[in-house]
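Work through the exercises below with the sequence and the model at hand. Each task is followed by a solution in steps.

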Amino acid sequence: MQPPSRLRVDRRQQSLSGTILRRVGSDEHNILLNILDESFGQFLDRPGTKNLISSDAFDPDGCFLAREKGSDVGCVAVTSLPRKNWLVIRYLAAKHAMSRIDVVEKLLGRALEYVETKRAEFLRSTTPAIQPYIDVYKGFGFKPLRRDFRITWDLRDAADHPNKHVEISEVSEKTAREIEERFVESLRPYWDWRTEEQGGEEAVTHNFRNGPKRGERWLSGHIGKDLMGFTGLIPDYYRAGDARFRGAYVLPEYRGKGYGRILMNEVSGWAKKQGQHKMTVYTFSYLDSLAPGALLYLKSGGRIESEYLQMQRA
């Protein structure tokens, strides 16, 4: 996983050029967040980033800061996925990056050096779809794999739509088991790649089961006695009245019949009743077309706020 020779990092040159790369300190998370905030602006998911750098997926030894003239101006991090030796490069950023392309290149080169010491079995990256980061990744042999969108809804504009076809109820501790048993099935085939990254079906089910501990609330939809799908959110996740939408999931046998739209109408109305005026979801799509989930969200009034790219080394 060596970078091309024209972009190879030489530590002796780092000091000569006035740029020093160093590992992030255990008490320097705010420095990392501030660099990302200044570099990415609205593209940054600050709550999600704070959660990740406080989790076991974040290794301070794999996070590097770039320093120039006594100030920290750039960063990058190598984080782990739940599968052993599966890694993601993220948070490649520099203040005023277009005038610091050499800094961005040095950071990515250093991250790849660290990846080699871990002997990764799988490596991809994720980045906001802005320059110069895309071109720098491409210069190191990465190719676009998938797109990610941040989609938001202004719930103040949401209208109520009567639903006469599906019985909707909030999922309780007693009724959660039915959804747990079919959650992975609701992801197929579009999210199979993520199920694999997250450690397999059992791990994904376990993570879903622990959702209520993170504040998740869910609605289930039934047609007669049969589960059709489910949808959920975390109220006040980003700030008061600003919910994190957990998605709408329709089981395979009910897809293509308009039930996804019913779930979207129900969760929007439910969110409004809980005092939410906005909800936000991060969802993937293909490079050349919209995935079904993204298409549903846009048709239901969602608006793309930001776009990201997942990339993989060729």
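The exercises treat helices, cores, aromatic rings, buried residues and backbone geometry in turn.

The model is predicted, so local features need pLDDT of at least 70 and side-chain atom pairs count only at pLDDT 80 or more, while totals for chains, interfaces and linings use all residues. Residues are numbered from 1 along each chain as its sequence is written, and side-chain values use heavy atoms, with hydrogens and water left out.

**Exercise 1. Helix α2**

Task: Compare the span of α2 with the expected one, then find which residues of α2 are buried and what they pack against.

Solution.
- Step 1. Helices (H or I, at least four residues) and strands (E, at least two) are DSSP runs, numbered from the N terminus. Helix α2 takes in residues 29-40, which makes 12 residues.
- Step 2. The expected span of a helix is 1.5 Å times one less than its number of residues. For α2 the first and last C-alpha atoms are 16 Å apart, close to the 16 Å expected.
- Step 3. Buried means under 20% relative accessible area, exposed over 50%, and partly exposed in between (1.4 Å probe, protein chains only). The buried residues of α2 are Leu-32, Leu-33, Ile-35, Leu-36, Ser-39 and Phe-40. They lie on the same side of α2, because the arc they cover around the axis is only 160 degrees; the arc is that of the directions from the helix axis to the C-beta atoms.
- Step 4. Contact means heavy atoms within 4.5 Å. The buried residues of α2 pack against the helices α3 (46-53) and α5 (133-139) and the strands β2 (58-68), β3 (71-80), β4 (86-94) and β5 (122-128).
- Step 5. After α2 comes Gly-41, with a positive phi near 60 degrees.

**Exercise 2. The nonpolar cores**

Task: Describe the largest nonpolar core and state which element gives the most to this core.

Solution.
- Step 1. A nonpolar core is a set of buried Ala, Val, Leu, Ile, Met, Phe, Trp, Tyr and Cys residues joined through side-chain atoms within 4.5 Å.
- Step 2. The largest has 47 residues, and those with the most contacts inside it include Leu-36, Ile-89, Leu-108 and Phe-142.
- Step 3. Elements that give two or more residues to this core include α2, β4, α4 (101-118) and β12 (303-313). The most come from α4, with eight residues.
- Step 4. Leaving out residues up to four places away in sequence, Phe-142 touches Ile-89, Leu-112, Leu-123 and Met-311, among others.
- Step 5. Another core, of 38 residues, lies apart from the largest; among its residues are Ala-243, Tyr-254, Tyr-259 and Leu-263.

**Exercise 3. Aromatic rings**

Task: Classify the pair formed by Trp-153 and Tyr-297, and locate both residues.

Solution.
- Step 1. Rings of Phe, Tyr and Trp (its six-membered ring) pair if their centres lie within 6.5 Å; planes under 30 degrees apart count as stacked, over 60 as edge-to-face and the rest as tilted. The whole structure holds 23 aromatic pairs.
- Step 2. For Trp-153 and Tyr-297 the centres are 5.6 Å apart with 75 degrees between the planes, an edge-to-face pair.
- Step 3. Trp-153 belongs to strand β6 (residues 142-154) and Tyr-297 to helix α11 (residues 292-299), 144 residues apart. Both Trp-153 and Tyr-297 are buried.
- Step 4. Ring pairs also link Phe-183, Phe-208, Trp-218, Phe-230 and Tyr-249 into a cluster.

**Exercise 4. Glu-197 and Arg-146**

Task: Is Glu-197 buried or exposed, and what does Glu-197 touch?

Solution.
- Step 1. Glu-197 is in helix α8 (residues 192-197). Its relative accessibility is 3%, so Glu-197 counts as buried.
- Step 2. Not counting residues up to four places away in sequence, Glu-197 touches Arg-83, Arg-124 and Arg-146, among others.
- Step 3. A charge sits over a ring if NZ of Lys or CZ of Arg is within 6 Å of the ring centre and within 35 degrees of the ring normal. Arg-146 lies over the face of Trp-193, 3.7 Å from the ring centre.

**Exercise 5. Backbone geometry**

Task: Locate the cis peptide bond at Pro-132 and describe His-96.

Solution.
- Step 1. The cis bond joins Gln-131 and Pro-132, with omega about 10 degrees. Pro-132 is in the loop between β5 and α5.
- Step 2. His-96, a residue other than glycine, has a positive phi near 50 degrees. The loop between β4 and α4 holds His-96, which counts as exposed at 60% relative accessibility.
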